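Let's take a friendly walk through two spots in this model. Please have a look at the structure before reading on.

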Amino acid sequence: MVAAQADELTQGTSGGPFEFGVSGYLIKSNVEPWAKDTLVAIDAGTYMSGVMQALRPATSASAISPVQQQLGTGLLPYVSPLTNAAYVVRELVAAVCITHAHLDHLAGFVINSGCFTVDNPKKLAGLPWVVDGVLKHIFNNVIWPNMSNEGDDAIGLVTLHRFSSAVKIPNSSDDSVGVIEDTFDDEEAYETIANGLDIRAYSVSHGCVHGTGTAPKAYESSAYFVRDKRSGKEILIFGDVEPDSVSMDPQNRAVWMAAAQKFGRNKLSAIFIECSYASIQPEHSLFGHLSPPYLIQELKMFAS
């Protein structure tokens with residue numbers, strides 16, 4: 001995994017105010033070589049700049065990162081961190097999977113889209129409404145040229161891909177084990193997204209939006225199960241997400257049910273989830289995020 005290094009003020013990835021501290025992760029199967037189309041990116045608020053920072057020369061032997069240890073043995077073809085970063089994002093990354101279209105999860109990809117080519121377009125993947133939102137509001141020849149392969153004046157540097165959405169599960173506790181297995185262990189629900197990696201997308205809620213003259217509605221983000229094809233091991237990565245207990249459209253329970261089943265079968269290796277606010281943040285000011293008390297609440301749902 002590669003993320004932009006945050007300084008002492010940001011303490012990890014964030015939604016700002018520093019543009020180098022936003023979300024961006026790279027994932028690769030351990031058994032695949034460092035080769036074309038072996039990496040998948042989950043979100044790209046930072047993209048090439050985050051990779052370049054991860055590849056920057058270490059100030060001391062103790063400061064060498066795991067990424068530098070892996071890539072510092074002649075696996076990358078160039079001397080310059082910038083040139084190697086461009087090589088990673090253009091050649092090694094098979095697809096960028098966006099959890100939602102907020103700029104702190106998307107801006108790096110958009111800025112870097114001009115470095116792709118028609119002969120080697122980059123795949124931008126997400127749930128249908130996420131991809132449709134990027135096409136409508138970003139690649140619209142107003143905010144940014146239409147780098148995609150769809151719509152008006154399409155340039156074709158980006159290939160849009162829409163994941164199938166997992167079935168929503170009622171927010172109750174009386175589901176039978178059979179229903180859980182039939183719903184969450186469906187092989188066809190996974191899509192191969194990079195060499196050695198499959199992915200399945202779930203919708204989660206990330207606050208609500210108010211339209212002029214319309215009732216508020218939930219703003220949807222995503223959670224991804226990323227599976228190593230060889231071992232069957234998976235990791236779960238959430239985009240921005242709010243607790244079910246305060247959501248107008250609670251959807252986390254379906255993700256936790258799937259995660260619990262995989263954990264029980266020794267398939268789930270790790271969970272990446274945000275926790276944006278301190279414990280004192282009031283419920284009405286979560287803005288679609290978690291704080292420690294609500295994170296604990298969600299983990300108790302997973303445990304149950």
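What follows covers a central strand with its neighbours, and then a single loop residue.

The coordinates come from a predicted model, so to speak of S4 is to speak of a computed strand. Strand S4 spans residues 122-126, and four of its five residues are buried, so the strand is largely enclosed by the rest of the structure.

Strand S4 has pairing partners in S3 (residues 93-97) and in S5 (residues 158-162). The table sets out the two pairings.

| Pair | Sense | Bridges | Facing residues |
|---|---|---|---|
| S3 and S4 | parallel | three bridges | Ala95 and Lys123 |
| S4 and S5 | parallel | five bridges | Ala125 and His161 |

Helices complete the picture. Helix H4 (residues 107-112) joins S3 and S4 in a right-handed β-α-β unit. Helix H5 (residues 128-137) belongs with S4 and S5 in a right-handed β-α-β unit.

Now to the loop. Asn195 sits between strand S6 (191-194) and strand S7 (197-209). Is Asn195 buried or exposed? Its relative accessibility is 38%, which is why Asn195 counts as partly exposed.

Which residues does Asn195 touch, leaving aside those up to four places away in sequence? They are Glu32, Lys36, Asp37 and Thr38. With Lys36 there is a polar detail to inspect: the Asn195 side chain reaches the backbone oxygen of Lys36 at 3.3 Å. Val40 makes a good reference point too, being 155 residues from Asn195 in sequence, with a C-alpha to C-alpha separation of 9.0 Å.

Notes
Residues are numbered from 1 along each chain as its sequence is written. This is a predicted model: local features need pLDDT of at least 70, side-chain atom pairs count only at pLDDT 80 or more; totals for chains, interfaces and linings use all residues. Side-chain values use heavy atoms; hydrogens and water are left out. Helices (H or I, at least four residues) and strands (E, at least two) are DSSP runs, numbered from the N terminus. Buried means under 20% relative accessible area, exposed over 50%, partly exposed in between (1.4 Å probe, protein chains only). Contact means heavy atoms within 4.5 Å. A polar contact is a pair of N or O atoms within 3.5 Å; within protein, one must be able to donate a hydrogen and the other to accept it, and residues adjacent in sequence count only if both atoms are side-chain atoms. Two strands pair if DSSP finds at least two bridges between them. A crossover is right-handed if, with the strands pointing away from the viewer, the path from the first strand over the helix to the second runs clockwise.
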